[in-house]
Amino acid sequence: MFNHKLIEKKWQNFWQEQKVFKTESRSDKKFYVLDMFPYPSAAGLHLGHPLGYTATDIVARYKRLQGFDVLHPMGWDAFGLPAEQYALNTGNHPADFSKKNISNFKNQIQSLGFSYDWDKEIDTTDPLFYEKTQWIFRLLYKKGLAELRDTEVNWCEKLGTVLANEELVLDDKGNLISERGGFPVVAKQMKQWVLKITEYADKLLEGLEGLEFPDSLKQLQTKWIGKSTGWVVKFFLKNGVDFVEVFTTRLETIFGVSFIGLSMNHPISKKLMETNPEIAKFIQQNSNISNKMSTQIKGIFTNLFLIHPLSGQPIPTYITNYVLGNYGSGAVMGVPAHDDRDAKFGELFNLPIIEVIRDGVLINSAQFNDQDIKKARLNLFNFLSKQKLAKTTTAYKIKDWVFSRQRYWGEPFPVYFDENNKIYLEEKLVELPKLDQIQPSGTGESPLANAKEWVFFEHEGKKYRRETNTMPQWAGSSWYFLAYILKNDDGTYLDFTDPQAMERFQKWLPVDLYIGGQEHAVGHLIYSRFWHKVLFDSQLVSTSEPFFKVVNQGMLLGTDGQKMSKSKGNIINPDDVVEEFGADSLRLYLMFIGPLTEVKIWDWNGIKGMYSWVKRVYRTILNTYKFNVNIKNIQEFEKQYHSFIAETTTLVSELKFNVAISKMMTYINFLNKTKELPSQKYLIDFVIIFGIFAPHLAEELLEKLGQKDLSQQKWPSFDTSFLDSHEFNLPVAINGKTRLVLPFSINTSSEEIISECQNNQKIKAFLNKLESFKPIYIPKKMINFVGKVKTE
């Protein structure tokens with residue numbers, strides 16, 4: 001039997017010494033496969049990391065065997081709030097422990113046998129890296145896409161910094177708090193650097209069309225951008241001079257208006273605050289972040305009436321907590337009969353409900369009665385626009401990106417000011433100074449404000465001060481996938497303007513496969529698309545989109561079926577699993593327990609079972625076989641061999657790794673039934689395929705079979721003439737959740753299929769957890785065992 005520890009160490013050293021996975025440029029076929037790079041926390045890797053990393057590694061190894069040039073890099077998202085808070089809590093400097101954490105992460109990753117090109121390794125805290133981040137910021141500023149602006153932000157006093165919406169969570173009482181630390185957050189007006197992502201809203205929407213993103217991800221980004229085409233209608237005050245522009249996407253409901261809703265930061269709302277204490281109190285109470293994003297609808301009457309532009313009736317006007325100031329005009333038509341939120345608001349203030357649409361046509365709408373919605377919209381707009389009371393408009397929910405953070409551990413801005421606050425760009429690297437005291441300033445400024453010698457300087461007799469805010473953690477992650485391409489062997493990076501940079505981008509872009517969690521759908525994945533499009537419009541990159549295909553891996557839950565966390569005591573350290581069962585067993589098990597994109601539950605019996613199977617593979621391949629080219633049942637061998645290769649090729653291409661492993665298990669069962677083979681290729685080609693899942697043991701087996709290492713092998717080919725088209729793959733589900741896919745001949749009866757599924761060891765383990773069950777078989781489509789789960 002084998003010692004997995006010795007084998008893994010042996011081949012990891014071989015790969016590292018021989019630089020087996022160094023990025024090459026020898027083929028006209030390329031594949032760029034990317035992981036979402038991690039924040040290197042002190043806790044080290046958790047099992048969610050190797051879940052995604054194993055999937056990308058399988059693809060990278062597969063593509064290399066197919067003759068592709070492969071770029072498969074890894075790096076560290078080491079700046080940001082988590083590192084700074086840890087530094088404050090422990091009294092350590094973030095630079096020191098970040099290096100230590102990176103070293104630990106790297107050792108853990110290498111212990112799992114991932115085929116990264118470590119010459120491409122990046123670290124967002126490396127000045128050579130963030131020099132390019134600063135260069136991109138200067139580009140954004142020169143293109144008018146970055147500016148200092150007074151804007152409303154999410155302010156966390158305890159953390160001493162602005163937070164993005166994506167950095168907030170709800171507590172048990174429904175209040176929004178900081179994700180890091182769980183501290184209160186309030187709305188606050190501050191002068192901040194803002195990136196005008198809104199100017200790219202249409203391009204970001206249009207770009208989604210040609211991308212292989214999950215539909216759910218596309219929907220999240222589309223909703224986040226929130227594009228609406230509608231109309232702005234003028235509602236005049238009684239004086240006939242002043243008016244409010246009211247936004248609507250449903251002009252056909254204008255006769256159903258029973259109130260006008262204003263946002264809390266609408267100019268009228270702000271003006272009324274100055275003279276009306278009750279309104280001032282309402283706005284102050286509801287302007288904190290929790291109430292602004294609350295599902296509870298609230299409002300206050302302004303004592304103002306606006307004149308309906310068609311009926312001439314006075315319409316009461318309210319300030320509400322659910323109308324967005326940055327969407328449309330900050331004022332909306334309230335139509336309780338045809339909008340759920342308006343209905344709740346109308347009920348709160350006992351407002352009339354005026355139905356104006358029934359069976360798809362207008363009613364109670366004067367001369368527009370009996371018109372269908374499409375025709376009514378056109379006629380209403382024509383009527384109002386002739387009187388200069390309406391115009392078409394497009395509104396977006398997306399807001400410009402607040403890009404300042406009042407923290408120390410981040411990229412400094414390449415910006416300084418003179419005594420008149422005129423802005424200047426620093427064209428060279430602005431390096432983050434090393435400070436011993438990095439506590440929040442308490443004034444709303446970054447801790448860098450305390451570094452007086454760094455902040456203030458003189459040049460040619462004039463006094464200047466540096467920008468003391470730093471960039472958010474999103475900055476480095478918005479372009480790091482390009483940094484891998486620009487990285488040179490000596491640790492430097494090509495300039496974006498270097499002609500060789502464009503040659504490299506033309507070679508490698510876009511990223512062909514990007515795997516990571518869905519939690520980055522509207523943060524990183526939209527910010528990086530924005531930056532990339534700016535670079536593309538500047539003719540600095542070769543594609544308009546950075547990522548062609550994104551796959552969101554499913555979460556891995558603890559043995560209790562809950563998300564792993566320290567508080568629940570259900571965290572599983574991958575180091576412990578590797579120590580006991582080996583990296584290959586862990587890699588195989590993570591890919592076998594379910595489809596890549598589905599939620600999975602860790603099972604210690606499952607990893608033990610996989611370890612036993614790995615040992616079986618070792619015994620089977622090194623069994624003493626007799627090789628006979630004239631073997632009697634050669635056709636059966638050829639059929640099994642070519643079907644196995646064809647099926648696994650398709651399954652790996654489709655990222656159906658769990659089913660591919662099932663096919664490997666079936667093939668090993670086939671080999672175990674014989675002592676005689678036509679040739680050694682029936683063993684060698686299995687090991688090559690096995691090698692993209694379990695590379696350490698595969699290398700060892702190839703060596704013992706007298707073959708070259710995996711880097712010198714090719715993916716096995718198959719002969720279609722041997723393929724049996726009389727088989728189908730049947731998903732087997734328990735209470736609607738697919739647990740296994742089994743192959744069957746089309747001639748197998750329903751009774752035989754049900755019996756074989758029930759007696760499958762993996763399925764039987766699930767069925768034993770049910771009090772009783774009923775098989776529902778849809779011929780050649782699916783079998784679903786439905787039953788009640790046993791109570792403890």
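How many nonpolar, polar and charged residues does the lining of the largest cavity have?

I began with the ground rules: this is a predicted model, in which local features need pLDDT of at least 70 and side-chain atom pairs count only at pLDDT 80 or more, while totals for chains, interfaces and linings use all residues. Residues are numbered from 1 along each chain as its sequence is written, and side-chain values use heavy atoms, with hydrogens and water left out.

I looked up the largest cavity (a set of points on a 1 Å grid over the protein atoms alone where a 1.4 Å probe fits but cannot get out, lining residues having an atom within 4 Å of a point). I found about 120 Å³ of space in it, the volume being that filled by probe spheres set on the points. Of its 15 lining residues, G80, L81, R405, P472 and Q473 are the closest to the centre. By class, the lining has seven nonpolar, five polar and three charged residues.

I turned next to the second largest cavity, which holds about 70 Å³ of space. Of the 13 residues lining this cavity, F2, H4, E8, D584 and V614 are the closest to its centre, and the elements giving two or more residues to the lining are α1, α19 (583-592), α20 (604-621) and α24.

I then checked how helix α1 (residues 4-18) packs with helix α24 (residues 695-704), and noted an angle of about 85° with the axes 9 Å apart. That makes α1 roughly perpendicular to α24, a term for angles of 65 to 115 degrees. The contact (heavy atoms within 4.5 Å) includes I7, E8 and W11 of α1 and P695, H696 and L697 of α24.

Key: Axes fitted to C-alpha atoms, helices over the stretch in contact; angles between N-to-C directions. Helix = DSSP H or I, 4+ residues; strand = E, 2+ residues; numbered from the N terminus. Parallel < 35°, antiparallel > 145°, perpendicular 65-115°, else oblique. 1 Å grid on protein atoms, 1.4 Å probe; cavity = no way out; pocket = protein on both sides within 12 Å on 5 of 7 lines; lining within 4 Å. Nonpolar A, V, L, I, M, F, W, Y, C, P; charged D, E, K, R; others polar.
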